[in-house]
Amino acid sequence: KVGRVKQSDERGEQVESTLMQLLDVSDKLLCSEIKQEKELLSVINAAVSHELRNPLNSMISQVAQQSGFEENWEQVMHALRTFILLVMGILDREAFKESALAGVIRGKMGHLETIESHLLKIMGGFQVSSKKLRAAVGFVDCFVHDILDYSIMNKSADNFTKNSTVFDVRAAIKEVLAFVEDKAGLKGVEIGTLFRHFDSRGEQEAAYLIKTDKKRLQQVLLNLVTNALKFTPQGGKILILVDLLADRKMVRVAVVDSGLGIRDEDKSKLFQLFGSVKDKAKDINTNGIGLGLVISQMIVGKFGGVIDFISTFQKGTTFYYSFALEHFDRAETTRLRREEAEAERKLKEAKMNKFDLRLAD
């Protein structure tokens, strides 16, 4: 506030002066900003819940159906190859070598092999497209879960659910990398993995089994790998380190990149909503809101771990996080997994044999 006032000076004369009153409103502005952010997220959450969730569930269902289609296609192609080999084997018998009809059938088999070759190419293209679709749907699904998780955890910690299962950590990491491998390929970024302190002197399969929430472990990793890929230049490298710690009671995952690094003045912005790091010179992350790291920090905290980073500007960054692991009977779990795998193998073999028997008939 600014005003004019009259006062007496030392000689008793009236003089006019300016009075300025300053009011610190920074706290009010901060509260207003936080309120606006929460209102924005509330609108986004409503849009995600009502406009995106149902169509996305439909796409996930269609992707699952595609997997079944691929399996059926493989069976058909196996049957076709078996049929061609069976007929060609019969035609090669001595009794049919000079037969005019056998020559005609051989010509037809040649056409059928050409069709088979085309079908295999079509199938190969379909599998590539299907893989990309699965990756894209999975990526969007993770983003949707980020939005909904933030809303849930902001309202009440009791609403956060955990779903711990026993799984192979190598396969879990591989599934995450499938989401980003196409983008990494376009940028020429090499992504490697290294697993340390997993005791494989006994059963190698059991050594990499852990028990925690697989989806949440992958959700955090996808956020970190996506960020690393965003800030890693053409031809750079990303390394994922997975360490088993504290007598199998904790797993730590680190994402090491050779990217731009983070300036010291930007480090305090991380793990804050709307506190994403930007590099205007390279037009990187100019539209990010920093939600991924906020969600990741929330999730890691729910699993008794920590998330942090080490970064040197223009040299690269390492983000790492840890998850507490639950105890389970490794030997019994390994036995059950082998029985399931054997049952699945026999079922697939039975389906193939069924096609073969039909052809033989």
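Let's start with a pair of side chains: those of Asp243 and Arg196 meet in a polar contact of 2.7 Å. Keep in mind that this is a predicted model. Asp243 sits in strand β6, which covers residues 237-245. Is Asp243 buried or exposed? Its relative accessibility is 2%, and because buried means under 20%, Asp243 counts as buried. Arg196 has company around Asp243, too: leaving aside residues up to four places away in sequence, Asp243 touches Arg196, His197, Phe198, Met250, Val251 and Arg252.

Now step back to the sheet that β6 belongs to. Five strands make up an open sheet, in the order β4-β6-β7-β9-β8, and the pairing is mixed. Which strands are at the edges? They are β4 (190-196) and β8 (307-312), each of which pairs on one side only. Ignoring direction, neighbouring strands in this sheet are turned by 15° against each other on average.

Walk across the sheet from β6 and you come to β7, residues 250-257. β6 and β7 are antiparallel, with eight bridges between them. To find your place along this pair, look for Ile240, which stands opposite Val255 in β7. Go on from β7 to β9 and you again find an antiparallel pair, joined by eight bridges. Here Ala254 is a handy marker, since its bridge partner in β9 is Tyr320.

The next step takes you from β9 to β8, another antiparallel pair, this time with six bridges. Thr312 has Gly316 of β9 as its bridge partner. β8 and β9 also form a hairpin, with three residues between the two strands. In that turn, look for Gln314, which has a positive phi of about 70°.

What about the surroundings of β9? Seven of its nine residues are buried, so β9 is largely enclosed by the rest of the structure. Two helices lie across this strand. One of them is α5 (residues 214-231), which lies across β6, β7, β8 and β9 (316-324) and runs at about 15° to β7. The other is α6, which lies across β8 and β9, at about 30° to β9.

Helix α6 is worth following from end to end. It has twelve residues, 291-302, and reaches 17 Å from its first C-alpha to its last, close to the 16 Å expected at 1.5 Å a residue. Which residues of α6 are buried? They are Leu291, Gly292, Leu293, Val294, Ile295, Ser296, Ile299 and Val300. After α6 comes Gly304, with a positive phi near 65°.

Finally, zoom out to the whole protein. In total there are seven helices and nine strands. The protein has 361 residues, and 34% of them count as buried. Its accessible surface comes to about 22300 Å², with 55% of that belonging to carbon and sulfur atoms. And how do contacts spread along the sequence? Taking contacts between residues at least 6 apart in sequence, 72% join residues at least 24 apart. The contact between Asp243 and Arg196, where this tour began, links β6 to a residue at the end of the range given for the edge strand β4 (190-196).

Definitions and conventions: Residues numbered from 1 in each chain as written. Predicted model: local features only at pLDDT ≥ 70, side-chain atom pairs only at ≥ 80, totals over all residues. Heavy atoms only, no water. Helix = DSSP H or I, 4+ residues; strand = E, 2+ residues; numbered from the N terminus. Buried < 20%, exposed > 50% of the residue type's maximum accessible area, 1.4 Å probe, protein only. Polar contact = N/O pair within 3.5 Å; in protein donor to acceptor, adjacent residues only side chain to side chain. Contact = heavy atoms within 4.5 Å. Areas by Shrake-Rupley, 256 points an atom, 1.4 Å probe, with all protein chains shown as cover. Expected span 1.5 Å × (residues − 1). Pairing = 2+ DSSP bridges. Axes fitted to C-alpha atoms, helices over the stretch in contact; angles between N-to-C directions.
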